[in-house]
Amino acid sequence: MKAVLALEDGTIFEGRSFTGEGEALAEVCFNTSMTGYQEILTDPSYKLQMVAMTYPLIGNYGTCPEDMESGRVHVEAFIVKEYQPYFSNWRGRASLVDFLKQYGVLGVEGIDTRRLTRKLRIYGAMKGLISTRCEDPEAMVQKAREWPGLDEIDCVPMVTCGQAYRWEGGPGQEVDLAQGDALWQKKSQFKVAAFDYGIKYNILRHLERIGAEVIVLPAKATAEEVLRLNPDGIFLSNGPGDPSLVTYGVETIKDLIGQKPIFGICLGHQLLGKALGGTTYKLKFGHRGGNQPVKDLTTGRVEITAQNHGYCVDLETLDQDAVELTHVNLNDNTLEGFRHRSLPLFCVQYHPENSPGPHDATYLFDRFAELMTRER
Amino acid sequence: MPKREDIKKILIIGSGPIIISQACEFDYSGVQACKALREEGYEIVLVNSNPATIMTDPEMAHRTYIEPITPQVVAKIIEQERPQACLPTLGGQTALNTAVALDEMGVFEKFQVELIGARPEVIKKAEDRDLFRKAMANCGLRVPRSVIITQLSEVEAAAAEIGFPIIVRPAFTLGGTGGGVSYNLDDLRAQCEAGLKASMTSQLMLEESVMGWKEYELEVMRDLNDNVVIICSIENFDAMGVHTGDSITVAPAQTLTDREYQLMRDASLAIMREIGVETGGSNVQFAINPKNGEMVVIEMNPRVSRSSALASKATGFPIAKIAAKLAVGYSLDEIPNDITQETYASFEPTIDYCVVKIPRWTFEKFPGAKDELTTSMRSVGEAMSIGRTFKEAFQKGLRSLETGRFGLGGDGKEKAEALSLEELKTALATPNSQRGFQLGQALRMGLTIQEIHDLTWIDPWFLFQMKQIIDLEEEIKGGLTPEVFRKAKEWGFSDLQLAHLTGSTPDRIRSQRLEAGIRPVYKLVDTCAAEFEAYTPYYYSTYDEEDEVRATDKRKVMILGGGPNRIGQGIEFDYCCCHASFALSEIGVESIMVNSNPETVSTDYDTSDRLYFEPLTYEDVLNIIEAEKPEGVIVQFGGQTPLNLSVPLDRVGVPILGTPPDAIDRAEDRERFQKLLHKLDLKQPPNGIAVNTAEALEIADRIGYPVVVRPSYVLGGRAMEIVYDDKDLDRYMSEAVQASPEHPVLIDKYLKNAIEIDVDAVADGRDCLIAGIMEHIEEAGVHSGDSACSLPPISLSPELIVEIKESTRALAKELGVVGLMNVQYAFQAPTLFVLEVNPRASRTVPFVSKATGTPWAKVATKAMMGLSLKEQGVKEVTPGHVSVKEAVFPFARFPGVDVLLGPEMKSTGEVMGIDADFGMAFAKSQLGAGQYLPSSGGVVLSVKDEDKPGAVDLARRLSALGFEIFATSATADALRGAGVKVTKVPKISEGRPHIVDRMINKKIDLVINTPSGKQASMDARDMRRAALRLSIPYVTTLAAARATVAAMEALCYRELKVKPIQDHHPESI
Ligand SMILES: Nc1ncnc2c1ncn2[C@@H]1O[C@H](COP(=O)(O)OP(=O)(O)O)[C@@H](O)[C@H]1O
Ligand SMILES: Nc1ncnc2c1ncn2[C@@H]1O[C@H](COP(=O)(O)OP(=O)(O)O)[C@@H](O)[C@H]1O
Ligand SMILES: [Mg+2]
Ligand SMILES: [Mg+2]
């Protein structure tokens, strides 16, 4: 079935839907990972985005229940060069097409994804409409233009959990935050309260790995609710969209800074930056892939990281007397991580939990454990 | 960290001659290393015995030693040059093993040389099977269960412990020499015997078999700051049990989820750290159980490798260059990425296409060798192809092989190899060189993916891709609708296949296609999947939307490369292509290189202004010509491949530079060639053309036996034989070639005892310079590529040399040669015969260039571009030293094959020896080729009757050198009759202890055996095989024996001295 992608700059791509009818209006972005499409599809940070994979052959190993990064697919539409209907892997349970259909997400193949990538690289992130309805291209372009876009829509409420819950190897029982400190089962080394702005499961798996009992909080949980839990540490998760729209998050974080050790990732890092008085800006076309080199300035080591972000904290706007730059991206020298010089908090822009991506940065979870131990 | 300032001079060890499993990829890595380190201001000392390499060009290093790579010789170089460091990780296993030996000899310690790239402990830890096994256990990784043995007596107990099948693996070898799979105790014993011999340390590992598991490779780099990155992942199409060098391989890995891939990545990082590779590139191999994902580590190579060359070409990331920079102290984040210019080497390349590598084999050249692929590598070359789909890359890869196939099928060639279902099933279960096409046939015959998987263990994902291709063939037969047409091109179908499938012609398909607007586009290989702008123009074709070619309006010329290495067409031609490119750049013309061989320097993105990694077929080349519109195309440097394209390209108006295509036809067409010689009053051996046996017998009767026979339609001496009588000729005509009117057989009088002479010349249309005259050591009848030769000639009279020069000039003039030309003569006193004329670069051009200190291929290129030889100011050179070229053979890899030389070429590579006199130059060439001539001990002579008189003199001289002389009966009688003291030894069939017993008992240090012309006897054959197996030097012609004795005398009376080529040719720099 024919499918058309119209970009706001007027470019039209033609391809074929491999999932049947569908349509999506979203920001168009590309991801350069050669593996890990299922994790990408289920990463809540992709809310209101459609993703084109630069690697042309997608679907090769199917999908499997263990590789979910959240409860469902968040990507609005999935664009590939050549969909692979036949999958082969001992863990594979369902084909990608069945998986996408299960979540009602449009998959389109036959698009020159390299051309699309080059467009996005040269002109910057764009809004787009992809559809099997194939109306007049002009009209499609118009619709793409008129869509308000990520700069105006706060996506966090669309992906955060409705109710706090316990992480028990997977999403567990829902809990009532009013019970406060009593909620903890105290079988683990640390108690961590994790803000869910669109959290990936692998973060929770890593928190579990370092010996933490985790309660996952809705994005709008209040500082008071958190402090009543009396956790050993607070985690700020990744999430979709423009940090400037998540004002409630920033306000809450301001009240938590200095109270408990804080570790932030991605959107969590951006919100923390804002809470410390910094500003954020939109990158031209974002960093999305599993090969981004980041230098840990505290050790001089380079780590290859998984990234997925379109916004960035402006280094210049942070008070360098208060915070210390700890990580920098070697491709474009953008800020990738900082810590407070006196308060127990640190954060990174990228994804130490990987999934998909290299495991080089998982040590950061251990740093969080150290920080919690020290501050106890 | 900045680069090291305490080091000024660095010794780089090359990999020596091209052999199976060690080919041009080490020239590629060596060249990168030389350039990278020169650029940093270091003084480079280089040793490599292979003259056909770009790395041994005088401008690559400061001091270039074309000397044998043996520990003793390298020690002399070290003593003479006093480098502060030695970089052994870029010259393959040869360099690594040499470094270990030098370390053990204490040479590094004595001269205060630091091994950079890999310390001796690291090399040992990676290469010693036992140490490696322990290291893996330390990082919690599993390796197949195994037992190390050091002697035959331990075999049985080990077998009981592991259980069959058992994989035998020697330590410190390359390409699996001496290894294999054993299914029973007898096999195992035999294999262990061979393996213990092949291993440098007499150490063998018997290992649990994981055949059928999936095989993967990761290319890893590490710097002194402990930053580690993966450059590329490679998935083998063939399962474990087929050597990766013999496997079709695919990049990136296709059937791993991210979770599994990352575990493999973690393991590679852990291995790098545990083994302790401080800087540089390494290769780690894994096997994965397809049923449950269990992972085992197979091996790691702490050096750049064939796979790293492939990974570099597949990703655009120059591993060897970066490895060299890391070795002198830089860290990855300090080295800029040439391609993007804005990023650094500390990242992991990501690719947005699929890469397929397909090996090329030459079993047909080794009758008696089984066409079977196992754990010991057999392929002699490989082609790489790039596509946006696996199917496209796969079919492009198949036609890149230049074996007459244009894709998986549908090219009209399937019938020729059709097997019955039963045969096919057997064939599928025994991996062999025809596997790809057999899989195609199996799918066409309706075997299911599951059935084929059960027989081959090939991952169903790949089989499905092949099935899609086969299914599309059917659709194509139904008619080329625009959709099917487009899809077919996106899936790599060539116009030729489409023509066959639809009953059309390639030309018609082409115009139909262009009319339908279906044209290839060219995309960039940029290391980053377009995330950053790329500056190095490295392209591949595909059928997609956007074209990225940035055509310029500068003057530009296209060079067609030589494709995959094969016996007869290898690195020598790539050398010439690179020089064409260098020459063009010297005169300010842009160069566009087209080639499909990932091992080469020509496919380095640094070599030419633009690189197209494409198959060298008419269609693919014409497409690039249309995209680039060069002012001309150079076809005479890439060997036969581009030469074959010259006529069709010429026909459609593509300007061919240099010698006109018609001259090629005049040299190759029998009748026209005869007329040409006649006109110039030159002689040819009496000859005739036969289309059936009767005619052949008639011709043979007319010209007299023995005769040289060959099919007219094959090249490189393929299926060429010397035939001695009617019975033999009858067999040849009916069995070997099946002559027919379309496929006549050429019959020449065999010129007995003639001296063969190779001449390379360059002409500009007016003048012709003789670049070099080489006198062959072996007589005519041994293929020029297999014969040793000397420049200048050693025995030719001045008059003859004048005659040779004049004949050559006349030929060049008459053919209108502009560029290079090669003539082969046979001198049978008093007549000079012309054997053949090749109006193109020959295999000997690099050797001649090194011997004379003149870059002849560059000179030829400039001549083609209109610069006369006069303007260029080049002159003929008479060097003041003797250069000897010696060929290197792959016999050890083909058990059961006789080592005799004939008119069909068998060598894979060559070495060069340079010295003041012939004896020492020949001695060096022998050392370089791995013939370690003894200085004392026993020599056995066993020669045919006509060689007996000559043998007497040799025996005398050997006696004088203090050798004990042994001989088989008749030879012994002849020697004794002439007064030589000799011990008679029985042949194998004459009782024991026979000659081979003595060889095994280490009483024999040199074998001189010249087989009597016809059917060589089994006895003699076994003796030669034994020599090969026991690594005893052997000689099979009297001429070579003479040269060998001269060399032994030189070694006995003089010290072997080393001298860099910069000192041999001080004027040419
Ligand atoms: N235990 C094993 N079981 C089955 N096949 C094996 C085993 N070990 C090695 N092989 C096969 O043999 C090939 C060569 O082995 P390897 O250790 O890589 O030696 P080399 O040094 O020649 O590369 C591998 O590519 C693999 O296909
Ligand atoms: N008439 C002949 N007499 C003796 N040897 C010959 C004769 N013709 C060819 N040869 C031998 O066969 C070899 C290969 O023949 P050639 O015509 O050069 O084929 P190719 O195209 O493979 O180079 C030569 O190098 C030479 O040694
Ligand atoms: Mg190997
Ligand atoms: Mg020849």
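**Two magnesium sites and a helix pair in chain B**

In this predicted model, B:Gln285 and B:Glu299 are both buried. Those two residues hold a metal: the magnesium ion (ligand 3) is coordinated by OE1 and NE2 of B:Gln285 together with OE of B:Glu299, at 2.2 to 2.7 Å. The pair ties together distant parts of the chain, with B:Gln285 sitting in strand E13 (residues 280–288) of chain B and B:Glu299 in strand E14 (residues 295–301) of chain B, 14 residues apart.

Now hop along to the magnesium ion (ligand 4). Its donors are B:Gln824, through OE1 and NE2, and B:Glu836, through OE, at 2.2 to 2.6 Å. Here too the pair links distant parts of the chain: B:Gln824 belongs to strand E30 (residues 818–828) of chain B, B:Glu836 to strand E31 (residues 831–838) of chain B, and 12 residues separate them. What about burial? B:Gln824 has a relative accessibility of 9%, so it counts as buried. B:Glu836, with a relative accessible area of 28%, is partly exposed.

Away from the metals, have a look at a helix pair. Helix H22 (residues 640–651) of chain B packs against helix H23 (residues 661–668) of chain B at an angle of about 120°, and their axes are 9 Å apart. That angle is why H22(B) and H23(B) are described as oblique to each other. Their crossing is left-handed. On the H22(B) side, the contact is made by B:Gln640, B:Leu643, B:Ser646, B:Val647 and B:Asp650, while H23(B) brings in B:Pro661, B:Ile664 and B:Glu668. Sorted by character, the contact residues come out as 4 nonpolar, 2 polar and 2 charged.

Methods
Residues numbered from 1 in each chain as written. Chains lettered and ligands numbered in written order. Predicted model: local features only at pLDDT ≥ 70, side-chain atom pairs only at ≥ 80, totals over all residues. Heavy atoms only, no water. Donors = N, O, S within 2.8 Å, 3.2 Å for Na, K, Ca; no water. Helix = DSSP H or I, 4+ residues; strand = E, 2+ residues; numbered from the N terminus. Buried < 20%, exposed > 50% of the residue type's maximum accessible area, 1.4 Å probe, protein only. Axes fitted to C-alpha atoms, helices over the stretch in contact; angles between N-to-C directions. Parallel < 35°, antiparallel > 145°, perpendicular 65-115°, else oblique. Left-handed = near helix turned anticlockwise from the far one by under 90°. Contact = heavy atoms within 4.5 Å. Nonpolar A, V, L, I, M, F, W, Y, C, P; charged D, E, K, R; others polar.
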